[in-house]
Amino acid sequence: MNKIYDLIIIGGGSAGLSASIYAGRAKLNTLIIEKDSMGGQIKTTSEIVNYPAIRHTSGPALIEEMKHQALDFGVQFATAEVLSVDFKDNVKILETSNGTYQAYAIIIATGASPRKLGFPGEAEFTGRGVAYCSTCDGELFEGLDVFVIGAGFAAAEEAIFLTRFAKNVTVIAREPEFTCAKTIADKVLAHPKIKVHFNTEILEAKGHNNLQEAHFINNVTGETFTYKANEKDGTFGIFIFVGYAPATSLFKGHVEMDAAGYIPTDENMQTNIPGIYAAGDLRPKALRQVVTAVADGAIAATDAEKYIAALKDKLGIEVDPPLTSTSPSIPNANTQTETPSTAAPEEGKSKLLTPELRVQLKQILAKLERPVTLASVVDPNNGKSVELRDLILDIADLSEHISTLITRRHENKNLEEKIHADKFPVVAFLDEQGNYTGVKFHGVPGGHELNSFILALYNLAGPGQPIDSNIVTQIKALTNPVNIKVAVSLSCHLCPDVVALAQRIALLNPNVETEMLDISLFKELKNDFKIMSVPALIVNDENVYFGAKKLEEILTLLP
């Protein structure tokens, strides 16, 4: 790539998005590179009540607003993993999974990732009882006992959130008291469904296929105790919230770091390298909250603007006009539910789509270039099947390129066989020749999964997202029949990316079929494959793989 951006921000969390808003408003040609979905840690937060002037919202809703605000100022977005960096010269170089990017200044806003404790059984039962995201996985523990490990704000907040689903919640805190604000600590201690063990640590988790037993120790008295899942439940959950580790290993040797891997800066967020800034939770600081992250991003972008202007003046470079965004910005239906429209949905329309959301979707679907058919076999006795029918009819009304083929169950045997309609609800994507593409949804794609549904349309009938030619070659080289089921929950922020990537493989290779399954609708499948975390990839109904995956990683899992 020959383009030199004014500013590239690595990371799309609250710090990175805040920086992009300030940079875009200053008319800097700005690009955010994010390897996963936008949002960082905050996208897993179900409730935010301490952000000034916003009395109550959720993490995903706040991030969605930030992203749209950045788009309003012409900020560009790229999905890629940064593989290496070169900060030596005036023009900084980033080598990524999507090619080479260059910029005069860089803001590192890669945030932090959840720490693991390393106790025996933690890795073995991750996805089968051990989890790190209550928003994603909480509903999978409906009616079960759950343990929360940690004593900080995240542990206290998530313990309260998990009471929505769990039979009982037990907090295991190594410390003698909570380390978060007293107000939330008192809420936990007073909650009738929560029990707290202070001065306590987990020793081991055990089980067969899924989590069945855990051992704990009081670190003051040395007394131990064991929890065993009762026969009726068969399993239980352990959610770990013990802090975060800075995601900075990529920059080791390129910028100064402290012993813990945090990147020190001055008050303007400058690192020890001119033109390189750091913002957010990867900095050493007393308070790591969204409000401090967005402040870091604003300060970094403001100082970067001055640095870039001085550098361009020194080099005799004319100021470029700001970029305009060309990639589709897909709205999240969860955002709409957090700030609902006062207008009621039109009669006969899907309740998932507000008038505002329809307007946004129509703009995205206007990019489609080829016909696509949404084929659904409707079971009239299945409420979700009827709900899905209404949604796809509604979406089809928004584009002349989308048509529908809808039949009742048992009325069109040929169609049912063609799209392998063995689970309900079901909608399959047919190409412009009417061929089944291997892309199917078993569930109503509300919440975050509206993203993967619209991306499937965009990749099948529109320009499609860019994809490396070497990866295309690998996908087309697959010769064995492959079925990929991606089990999701509609509140999971990681799931849509995995669904979209797996479906991309199906769209490029007729030997591959990829199904999105709302796991809450398929309890038998959930139990058969011992799924206690999402996203979960089930390959050929044999092997199960948990967690976020890149396209290259998914390919390594296929026969």
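Reader: What makes strand β9 (residues 145-149) and strand β10 (residues 168-172) a pair?

Author: Two strands count as paired if DSSP finds at least two bridges between them. Five bridges join β9 to β10, and the two run parallel, so the criterion of at least two is met. One of the contacts across the pair sets D145 opposite its bridge partner N168 in β10. Strands here are DSSP runs of E with at least two residues, and helices are runs of H or I with at least four, numbered from the N terminus. The model is predicted: local features need pLDDT of at least 70, side-chain atom pairs count only at pLDDT 80 or more, and totals for chains, interfaces and linings use all residues. Residues are numbered from 1 along each chain as its sequence is written, and side-chain values use heavy atoms, with hydrogens and water left out.

Reader: Which strands of the open sheet that holds β9 and β10 are edge strands, and how do you know?

Author: The sheet has five strands in the order β8-β15-β9-β10-β11, with parallel pairing. Its edges are β8 (130-131) and β11 (194-197), since each pairs on one side only.

Reader: Why is helix α4 (residues 153-162) called mostly covered?

Author: A residue is buried under 20% relative accessible area, exposed over 50% and partly exposed in between, with a 1.4 Å probe and protein chains only. Eight of the ten residues of α4 are buried, so the description holds. These are A155, A156, E157, E158, A159, I160, F161 and L162. Their cover includes α3 (134-137), β9, β10, α5 (182-190), β11 and β15 (237-240).

Reader: What makes strand β23 (residues 512-518) largely enclosed?

Author: Seven of its seven residues are buried, so β23 is largely enclosed by the rest of the structure. In a regular strand the side chains alternate between the two faces of the sheet. Here V512, T514, M516 and D518 point one way, E513, E515 and L517 point the other way, and all are buried.

Reader: How do you know which strands pair with β23?

Author: Four bridges join β21 (residues 436-442) to β23, and these strands run parallel; within that pair, K440 has E515 as its bridge partner. Strand β22 (residues 482-488) pairs with β23 in the parallel sense over seven bridges, where I484 is matched with T514.

Reader: In which sense, right-handed or left-handed, does the path cross from β22 to β23?

Author: A crossover is right-handed if, with the strands pointing away from the viewer, the path from the first strand over the helix to the second runs clockwise. The unit made by β22, helix α13 (residues 495-508) and β23 is right-handed.

Reader: In which senses, parallel or antiparallel, does strand β6 (residues 99-108) pair with its partners?

Author: Strands of a sheet pair through backbone hydrogen bonds, either parallel or antiparallel. With β1 (residues 4-10), β6 pairs in the parallel sense over six bridges, and I8 stands opposite I106. With β5 (residues 92-96), the sense is antiparallel over five bridges, with E95 opposite T100, and a hairpin of two residues joins β5 to β6. With β17 (residues 276-278), β6 pairs in the parallel sense over three bridges. Eight of the ten residues of β6 are buried.

Reader: What makes a group of residues a nonpolar core, and which residues have the most contacts inside the largest one?

Author: Such a core is a set of buried Ala, Val, Leu, Ile, Met, Phe, Trp, Tyr and Cys residues joined through side-chain atoms within 4.5 Å. The largest has 88 residues, with V148, F429, F453 and L457 having the most contacts inside it. Helix α11 (residues 449-461) gives the largest share of this core, seven residues. A second, separate core of 36 residues includes L62, A109, V294 and L311.

Reader: Why is the chain called as compact as a globular protein of its length?

Author: The chain comes to 15 helices and 25 strands. Its radius of gyration, taken over C-alpha atoms, is 24 Å, close to the 24 Å that the globule rule (2.2 Å times the number of residues to the power 0.38) gives for 559 residues, so the chain is as compact as a globular protein of that length. Buried residues make up 55% of the 559.

Conventions
Contact = heavy atoms within 4.5 Å.
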